[in-house]
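Hi there,

Here is the structure I promised to pass on to you. Have a look at it first, and then read on for what turned up in it.

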Amino acid sequence: MRLRPVLLSTQSLTQFLLLPLLGPLLLLLAVTGAVIWGIDRNALQIQQLNAAQVRLNLINLLARDIIDMETGIRGYVIVGDTQYLEPYRRGSASVKIRLKQLQTLSVSDQQRLNLSRVGTLVERWTTRVAEPEILVRPNSAAQAAALIGKADGKELIDTVRDVLAVLEHNEMLRREAAASSSLMTLRLTRSVTIIGLLSALLLVFFAAQRSARTLTRGLQTLNTGAERIAQGHYGEMLLDVPVREVQALRSQFYRMADAVEQREEGLKAAQSVLERTNRDLERSNRELEQFAYVASHDLQEPLRTIGSYTELLAKRYSGQLDQRADQYIAFTLSATHRLKGLIQDLLLYSRVRQHAKAAELFGVQPLVASIVKDFQHLIERTDASIEVGTLPQAWGNPELLRHVFQNLIGNALKFHDPARPPRVHVSAEALPEAWKFSVADNGIGIDPAYFERIFGVFQRLHGIGVFEGSGIGLAVVKNVVERHGGQLSIESSVGQGSTFSFTLPYQQNAPAAVSPLLTESKPLVPTLGPSPTPFSPKDIHENH
């Protein structure tokens, strides 16, 4: 197990993403508070402005009422008509009401003092000037006019106007101050809002950029680490990212790399054992095949001697010995012939497995025609007929494939039904990726239960005395077809005949060589077809 770096942070992904947003969020809250404060302050200033405007209006109305009172008294004194007293009386009533309203709306002690002063002056003018003139006028216009001319009345009215002017001026100042303050509040609120929002947006942008850059860097590191580990660098160290989930993923990544490394080491060890076993098995197979070949080859020589002498005995002493002796000699010759055929088939099987001639393009039609010609004697003897369809050119080893057609056609002629002459049909079919060759007959057929068994070495379905053969021919066929990358199949039913089919891949799928070369290639001897060549006296002279 490799040593890995220790985790540095326990910050979760949620915290990693949300904590940087806390500053902008607080800033937004501050901006919101500033906006609320600005709105409240502006509302208060607008309220003050409106109140100042109301007081200013009342002061103006109060000044007009005083003018009405003074004008009404003057008109009454001049004309003497009481209708002219109406403005005076209405103004007098209004002055009291407006002074009371202004007292209620006053905002400073000085303002209240000025208002009280206005009320006192108006009351004094009323009692000293207006009311005496109203009382005197019905009796004497001149006396009333004399009262108007008194300096005290004019002085009182002028003082009232001066105080009202001061009140008006002060209220105008308050109104302008409230308006100016409201405008400043609005500007300040707008500036704070804009600056706060821009700052919050910048903080959010930088926080998001930082988080994205950190996570991207971590994921890129994991991706690069995965590629490095895939290349076999299991000790690759990944960049630490201060996020709990990413660190957990990195830990899982390390564990996966360790597990893959351990499994790869196990696979390498198993592969090493398997390669060593394969080498031992190949060596054993080579030795076994070499042994089979050498043993079969060496057994032929003494067997040929035994057969030759036995045939010589049969020719020279036939009829001179008793009947039992002639029978023993016949048994010996028959057994010798079977043993010779068996040894030759073993040699063929061994040579086929060792044959490694490269594939080539060859004509199947002339190959099959030459094989049919080899079986001409058997065809005439069994009254057989062989129909050969149009056969293509194919890629393969013609020397090995000759044994395939030779065994299949030979079996079709050999395993025929005694009740009817053999009929054999050889054909070819183009498949998407290979040629399919078929050899069909009307022979005795095969039970499907034996389909797998018949392709084994030394597997026979009939007794030795019923049909000739060693039980190696179909094993040779199967071996040759598989070495060419093809497949062998059979369709058969008892009493109805059999169809053996095999495929040969086209050029692009054909193997370059059929099999590894283990020993020197030697001429092959057909397994099926004519019976083994009888021993001749010449063999005796060659052996001695």
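**What turned up**

Among contacts in the protein chain between residues at least 6 apart in sequence, 77% link residues that are at least 24 apart. Please keep in mind as you read that this is a predicted model.

Let's begin with the chain as a whole. The protein chain has 544 residues, and 35% of them count as buried. Its accessible surface is about 31200 Å², with 59% of that belonging to carbon and sulfur atoms. Along the protein chain you can find 13 helices and 7 strands.

Now for the sheet. It is an open one, made by 5 strands in the order 2-4-5-7-6, with mixed pairing. At its edges are strand 2 (385–388) and strand 6 (488–493), each of which pairs on one side only. From one strand to the next, the twist averages 15°.

Inside this sheet, try finding strand 4 (residues 423–430) and strand 5 (residues 434–441), which pair in the antiparallel sense over 7 bridges. Which residue in strand 5 is the bridge partner of Ala430? The partner is Trp435.

A helix goes with the sheet too. Helix 11 (residues 398–414) lies across strand 2, strand 4, strand 5 and strand 7 (497–505). Relative to strand 7, helix 11 runs at about 170°.

Just before strand 2 there is a residue to pick out on your screen. Asp383 is located in the loop between helix 10 (376–382) and strand 2. Its phi is positive, about 55°, although Asp383 is not a glycine. Is Asp383 buried or exposed? With a relative accessibility of 54%, Asp383 counts as exposed, because the cut-off for exposed is over 50%.

Finally, a word on the database record. In an unreviewed entry, UniProt lists residues 16–39 and 188–208 under "transmembrane region". In the model, residues 16–39 are 88% helix and 0% strand, and the end C-alpha atoms of that span lie 36 Å apart. For residues 188–208 the chain is 100% helix and 0% strand, with 30 Å between the end C-alpha atoms.

If you would like a route through the model, you could start with the two spans from the UniProt entry, go on to Asp383 in its loop, and finish at the open sheet with helix 11 lying across strand 2, strand 4, strand 5 and strand 7.

Happy exploring, and best wishes!

How values were computed
Residues numbered from 1 in each chain as written. Predicted model: local features only at pLDDT ≥ 70, side-chain atom pairs only at ≥ 80, totals over all residues. Heavy atoms only, no water. Pairing = 2+ DSSP bridges. Helix = DSSP H or I, 4+ residues; strand = E, 2+ residues; numbered from the N terminus. Axes fitted to C-alpha atoms, helices over the stretch in contact; angles between N-to-C directions. Contact = heavy atoms within 4.5 Å. UniProt positions renumbered as here; feature names shortened; annotations may be inferred. Buried < 20%, exposed > 50% of the residue type's maximum accessible area, 1.4 Å probe, protein only. Areas by Shrake-Rupley, 256 points an atom, 1.4 Å probe, with all protein chains shown as cover.
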